[in-house]
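Please open the structure in your viewer and keep the sequence panel visible. This tour proposes a series of selections and states what is to be found at each one.

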Amino acid sequence: MHVITRRSGEFLGDEAYGCACGLSLADRMTAEVHAAESRLCTVCLGGKQEEIAPGLLRGCSSCAGTGRRREQIHWQLAHAEAEQVITVTLARTVIAGFDGPFHLSEIADAVRGGLSLEFGRLPVGPRVRDVLLQLQQWGEIVMVSAPDELIDDVPTFLYNDPRWQRVRTLGR
């Protein structure tokens, strides 16, 4: 049985790790190596959750919350395939069909339907989110949603299903 957890070091700021098998691990790198050797996810170290902000845990997005290395590799390959299939051009084409604001889920559903992908085949939602954030950064769309959750300890905003709108140029 292997599950690796973070332990506070003897000196302030030091991090050490320990495995349920009894092995002490000096740092994150050795913990990841032991995780890989034990067929555990190298992101969550077999714990099935990742810390996205101090004190805020969610199911590990790298291994789909399984804690296993095999699933991590499959999920990473699916993410890489999604990057190749779900392009900025595809997202722009889908967005062009919306006159007003649109939800992330609407664009993801339209992309999934347009590519005839079954649910779970590729991480469509996360890839569409990344493309929409890229288009936002380029000034082509603007987010019109308020955050659904604010984490006070760290300046982190969480959105469940954010809405964006195309930016229209003057004279159009």
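The stops below begin with a sheet and end with salt bridges. Please keep in mind throughout that this is a predicted model.

**Stop 1: the open sheet**

Select strands β6, β10 and β7. Together they form an open sheet of 3 strands in the order β6-β10-β7, with antiparallel pairing. The edge strands are β6, residues 102–103, and β7, and each of these pairs on one side only. Strands of a sheet pair through backbone hydrogen bonds, either parallel or antiparallel.

Now display β6 together with strand β10, which covers residues 163–166. The two pair in the antiparallel sense over 2 bridges. In this pairing, F102 stands opposite W164 in β10, and H103 stands opposite R163 in β10.

Next, turn to the pairing of β7 with β10. How many bridges join β7 to β10? There are 3 bridges, and these strands run antiparallel. Select V142, which lies in strand β7, residues 141–143. Opposite V142, in β10, stands Q165.

**Stop 2: a nonpolar patch**

Keep V142 selected and add V144 and V167. These residues make a nonpolar surface patch of about 210 Å². Is V142 buried, partly exposed or exposed? Its relative accessible area is 41%, so V142 is partly exposed.

**Stop 3: an aromatic pair**

Return to F102 and add F98 to the selection. A pair of aromatic rings is described by the distance of the centres and the angle of the planes. The count for this structure comes to 1 aromatic pair. F98 and F102 form that pair, which is tilted, with 5.7 Å from centre to centre and 50° between the planes. The angle explains the term: planes under 30 degrees apart count as stacked and those over 60 as edge-to-face, so an angle between these limits is called tilted. F102 has a relative accessibility of 0% and therefore counts as buried.

**Stop 4: a buried alanine in a helix**

Select A82 in helix α2, which spans residues 69–85. With a relative accessible area of 1%, A82 is buried. Which residues are in contact with A82, if its neighbours within four places in sequence are left aside? They are L122, P123 and R127. Consider P123 further: A82 and P123 are 41 residues apart along the chain, and their C-alpha atoms are separated by 6.6 Å.

**Stop 5: two loops**

Move to the loop between α1, residues 28–37, and β4, residues 49–53, where S38 lies. S38 counts as buried, because its relative accessibility is 14% and the limit for a buried residue is under 20%. Leaving aside neighbours within four places in sequence, S38 is in contact with H2 and R68.

Then select R39, which also lies in the loop between α1 and β4. R39 counts as exposed, at 62% relative accessibility. Its phi is near 60°, a positive value in a residue other than glycine.

For another case of positive phi, select A64 in the loop between β5, residues 56–59, and α2. A64 is not a glycine, yet its phi is positive, at about 60°. The relative accessible area of A64 is 52%, so this residue is exposed.

**Stop 6: salt bridges**

Side chains of opposite charge can pair when their charged atoms come close. A search of the whole structure finds 7 salt bridges, and this stop visits some of them.

Begin with E32 and R28, whose side chains meet in a salt bridge of 2.8 Å, N to O. Both residues lie in helix α1, 4 residues apart, which is about one turn of the helix. E32 is partly exposed, with a relative accessible area of 31%, and R28 is partly exposed, with a relative accessible area of 31%.

Continue to R58 and E50. These residues form a salt bridge in which the closest N and O atoms are 3.3 Å apart. R58 counts as partly exposed at 39% relative accessibility, whereas E50 counts as buried at 14%.

Finally, select D109 and R112, whose side chains meet in a salt bridge of 3.1 Å, N to O. D109 and R112 are 3 residues apart in helix α4, residues 104–114, so about one helical turn separates them. D109 is partly exposed, with a relative accessible area of 45%, while R112 counts as buried at 11% relative accessibility.

How values were computed
Residues numbered from 1 in each chain as written. Predicted model: local features only at pLDDT ≥ 70, side-chain atom pairs only at ≥ 80, totals over all residues. Heavy atoms only, no water. Patch = residues over 30% accessible without salt bridge, like charges linked within 9 Å, V, L, I, M, F, W, Y side chains within 5 Å. Areas by Shrake-Rupley, 256 points an atom, 1.4 Å probe, with all protein chains shown as cover. Salt bridge = Lys/Arg side-chain N within 4 Å of Asp/Glu carboxyl O. Buried < 20%, exposed > 50% of the residue type's maximum accessible area, 1.4 Å probe, protein only. Phe/Tyr/Trp six-rings, centres within 6.5 Å; stacked < 30°, edge-to-face > 60°. Contact = heavy atoms within 4.5 Å. Pairing = 2+ DSSP bridges.
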